[in-house]
There are 2 protein chains.
Amino acid sequence: MAAPARPTYAVIAKTAGVSEATVSRVLNGDDSVHPERARRVQEAVDKLGYKKNRVASALASGRTGLIAVVIDDDLSVFADPFYGTVTSGVSRILMENGLQTVLMVSPVGSLDGSVAHYLKSGEVDGAIFFALHSDILINSLKKLGLPLVITGTPHSSSDVAFVDTDNFGGGHSATKHLMSNGAKKVAIITGDIGTTAAKQRLDGYLQAYRESGHVPAKGLICEGDYSFEAGKAHCEKLLDAHPDVDGIFASNDLMALGALTVLRDRGIAVPEQVRVVGFDDSLIAQTSAPALTTIRQDVVALGEAAGSLMIAQLNGQDWEPVILPTELVIRASA
Amino acid sequence: MAAPARPTYAVIAKTAGVSEATVSRVLNGDDSVHPERARRVQEAVDKLGYKKNRVASALASGRTGLIAVVIDDDLSVFADPFYGTVTSGVSRILMENGLQTVLMVSPVGSLDGSVAHYLKSGEVDGAIFFALHSDILINSLKKLGLPLVITGTPHSSSDVAFVDTDNFGGGHSATKHLMSNGAKKVAIITGDIGTTAAKQRLDGYLQAYRESGHVPAKGLICEGDYSFEAGKAHCEKLLDAHPDVDGIFASNDLMALGALTVLRDRGIAVPEQVRVVGFDDSLIAQTSAPALTTIRQDVVALGEAAGSLMIAQLNGQDWEPVILPTELVIRASA
DNA sequence: ACTACCCGCGAAACCGCTTTCACGGATTCA
DNA sequence: TGAATCCGTGAAAGCGGTTTCGCGGGTAGT
């Protein structure tokens with residue numbers, strides 16, 4: 001009554017009349033096996049419903065078929081649908097390539113936390129990092145030769161594979177859109193300026209200003225942190241200090257929503273008096289009132305690109321960083 | 001210049017002057033080893049910075065230290081912050097217990113999809129299911145003796161471990177809150193009625209009605225699907241058919257937001273003319289205008305409970321289903 | 001025709017840890 | 001004091017694949 005034991009190479013080999021070595025060759029796509037024998041092996045495999053034991057395979061070959069997805073933070077970050085979406089994109093690509101995703105949500109910080117240990121102990125074939133606060137662990141893992149992919153532009157310019165949204169371009173086109181609709185005095189509420197993404201979006205904003213032949217007035221650049229509260233607070237301050245502000249580019253939708261809330265409370269018409277553009281095109285951009293004009297980033301594609309970059313590295317193929325284009329989505333707010 | 005090979009039992013055993021068997025015993029907490037020898041082993045381990053090779057361990061013991069988290073859906077579901085949050089809660093608990101989380105986002109459906117194969121092939125020690133559409137795979141896995149946990153109440157009443165929010169209680173207190181604030185005609189926009197959660201929230205609503213001594217008028221029960229669009233559409237229909245509706249309980253915040261949008265567009269004051277209560281207490285409940293009164297469920301706790309239930313099963317301990325309480329969060333909308 | 005090579009294939013070592021089994025010595029019981 | 005029991009321990013047999021090594025036969029070169 002015991003579960004029918006899963007077949008092993010031994011039984012495949014016997015029923016196919018070949019050696020275990022040959023079974024292994026066939027199952028691993030070694031083409032130096034005579035077609036006829038390969039066929040016999042394949043038949044035996046099919047007939048017995050054989051599925052390779054990945055653990056044994058991993059031990060012998062040193063490849064585990066596992067890729068770590070490391071989210072450098074405590075629980076809060078993962079509540080952001082952004083990461084969930086990226087992760088599912090990664091997961092899909094990996095699964096298509098016979099790899100599994102090992103999820104690790106933890107502050108990464110030091111070189112000898114449990115995450116670091118795990119990654120260094122050879123239990124995964126590669127690692128993909130999200131929301132990385134520091135490059136220190138990266139560099140150390142890189143030395144070990146572990147294939148790595150980072151989502152987001154890394155701080156230091158080491159030769160690590162990464163995927164990112166075109167934050168600069170997004171910031172640029174958001175700002176330009178505001179200006180071309182007549183906004184003269186466009187403010188920006190940045191994200192956490194410690195992140196490269198926030199920095200790049202700001203650069204795009206500055207570039208658009210430059211192209212317009214103007215200079216952002218002092219105080220129009222507000223350093224936020226991607227939170228709803230920051231969006232509200234900075235919008236209040238902006239309106240107080242610059243009552244003639246007529247455009248706001250918020251570095252994410254959540255802050256844009258914060259700004260929208262303040263504007264509504266003050267009875268300021270959007271977009272008639274102040275135009276607002278967000279970034280992300282998250283769900284809240286579609287459901288806000290007025291619906292938010294925003295910069296869409298293709299989050300699933302980001303995840304898939306990260307997965308593909310990992311696959312490429314594992315296969316020893318060439319790769320280069322992926323920068324995904326953004327798209328201006330025009331709704332009611334600007 | 002090769003990376004210093006990781007030590008194995010062989011070298012630990014030699015430097016400690018004991019056999020490999022003894023090393024294994026010490027490292028696995030077998031207390032039948034003489035303390036002095038155990039100490040010597042421990043010293044050798046520390047000195048050499050030994051870390052057990054989990055793959056080899058898995059092969060020999062049949063325990064992989066991996067728990068699958070299976071999300072029965074395509075990419076879209078994971079975009080819901082709910083699942084990300086639950087997952088991180090699970091992950092944290094598992095990690096604390098030396099287990100890793102293997103994430104699988106895929107439609108589960110049949111008994112022989114790739115997910116099913118993976119789970120059945122002994123590469124994980126247990127599986128936790130989210131958003132399960134059918135119990136068929138569950139039953140089949142249960143037979144194999146694989147430890148299972150389901151988040152959400154399963155359809156069939158098999159003896160599978162599960163964790164869930166008190167949906168009934170939440171629906172009940174949402175409805176009661178609306179009524180005790182004076183609402184006479186309270187409608188409900190349900191979630192996807194195929195889910196047990198939506199069903200239970202509806203039951204809570206009905207129970208509250210029963211307790212009030214009234215009966216919901218025909219047409220006050222609208223079958224939605226958790227989407228923003230459904231919230232809007234049903235709210236429109238409600239207002240048209242029952243202009244005197246003065247309370248709406250939406251089965252999630254997103255539909256509540258849809259209702260709010262319609263109400264604003266029609267110039268109906270919230271909460272003065274119509275009170276609205278949502279469910280979840282997600283980010284959008286805090287950022288909507290007016291801020292949404294809603295039923296909070298502790299999503300992180302849900303994940304942690306799922307993780308703990310898995311641990312208990314792995315340890316052969318007794319367990320029983322976990323139902324987490326909800327909390328009424330009163331904001332501006334009701 | 002003889003040596004040199006190449007090629008497909010099986011035997012066997014190996015990956016690193018777990019677990020069974022049996023042994024020697026100490027302890028207990030009669 | 002002899003037999004029965006118990007205990008800590010090491011030798012060794014796996015776990016189920018992968019990979020090296022070398023053999024035998026066929027092909028090619030001279």
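In this predicted model, 46 residues of chain A are in contact with 45 residues of chain B. Putting the two chains together buries about 3800 Å², and carbon and sulfur atoms give 72% of that area. The classes of residue on chain A's side are worth a look too: the side that touches chain B has 22 nonpolar, 16 polar and eight charged residues.

Which parts of chain A supply this side? At least two residues each come from H4, helix H5 (75-78), helix H6 (81-96), strand E2 (100-106), helix H7 (114-120), helix H12 (253-265), helix H13 (283-287) and helix H14 (299-314). If you want one element to start from, pick H6(A), which gives the most, with nine residues.

Now follow strand E2 in both chains. E2(A) and strand E2 (residues 100-106) of chain B run antiparallel and are joined by three bridges. You can find your place in this pairing at Val102(A), which stands opposite Val102(B) in E2(B).

Polar and charged groups also meet across the interface. There are six residue pairs in polar contact between chain A and chain B, and two salt bridges are found there as well. One salt bridge links Arg54(B) with Glu123(A), where the closest N and O atoms are 3.2 Å apart.

Let's turn to the DNA. Around DNA strand D there are 26 residues, of which Tyr9(A), Tyr50(A), Thr22(B), Arg25(B) and Arg37(B) come nearest. Sorted by class, the residues of the surface near this strand are eleven nonpolar, ten polar and five charged. On the DNA side, 66% of the strand D atoms within 4 Å of the protein belong to sugar or phosphate, and the rest to bases.

Which parts of DNA strand D do individual side chains meet? Three examples take you from phosphate to sugar to base. In chain B, an N or O atom in the side chain of Thr22(B) is 2.4 Å from a phosphate oxygen of strand D. In chain A, a polar side-chain atom of Tyr50(A) lies 2.7 Å from a sugar or linking oxygen, while Arg25(A) has a polar side-chain atom 3.5 Å from a base oxygen. Stepping back to the elements, those that give two or more residues to the surface near strand D are helix H2 (20-27) and helix H4 (54-61) of chain A, together with helix H2 (20-27) and helix H4 (54-61) of chain B. H4(A) gives the most, with four residues.

Finally, keep H4 of chain A in view: H4 is among the elements supplying at least two residues of the side that touches chain B, and H4(A) also gives four residues to the surface near DNA strand D.

Note on methods. Residues are numbered from 1 along each chain as its sequence is written. Chains are lettered from A and ligands numbered from 1 in the order in which they are written. This is a predicted model: local features need pLDDT of at least 70, side-chain atom pairs count only at pLDDT 80 or more; totals for chains, interfaces and linings use all residues. Side-chain values use heavy atoms; hydrogens and water are left out. A residue is near a molecule or strand if one of its heavy atoms lies within 4 Å of it. A polar contact is a pair of N or O atoms within 3.5 Å; within protein, one must be able to donate a hydrogen and the other to accept it, and residues adjacent in sequence count only if both atoms are side-chain atoms. Ala, Val, Leu, Ile, Met, Phe, Trp, Tyr, Cys and Pro count as nonpolar, Asp, Glu, Lys and Arg as charged, and the others, Gly among them, as polar. Contact means heavy atoms within 4.5 Å. Buried area is the accessible area (1.4 Å probe) that two parts lose on being put together, summed over both. A salt bridge is a side-chain nitrogen of Lys or Arg within 4 Å of a carboxyl oxygen of Asp or Glu. Two strands pair if DSSP finds at least two bridges between them.
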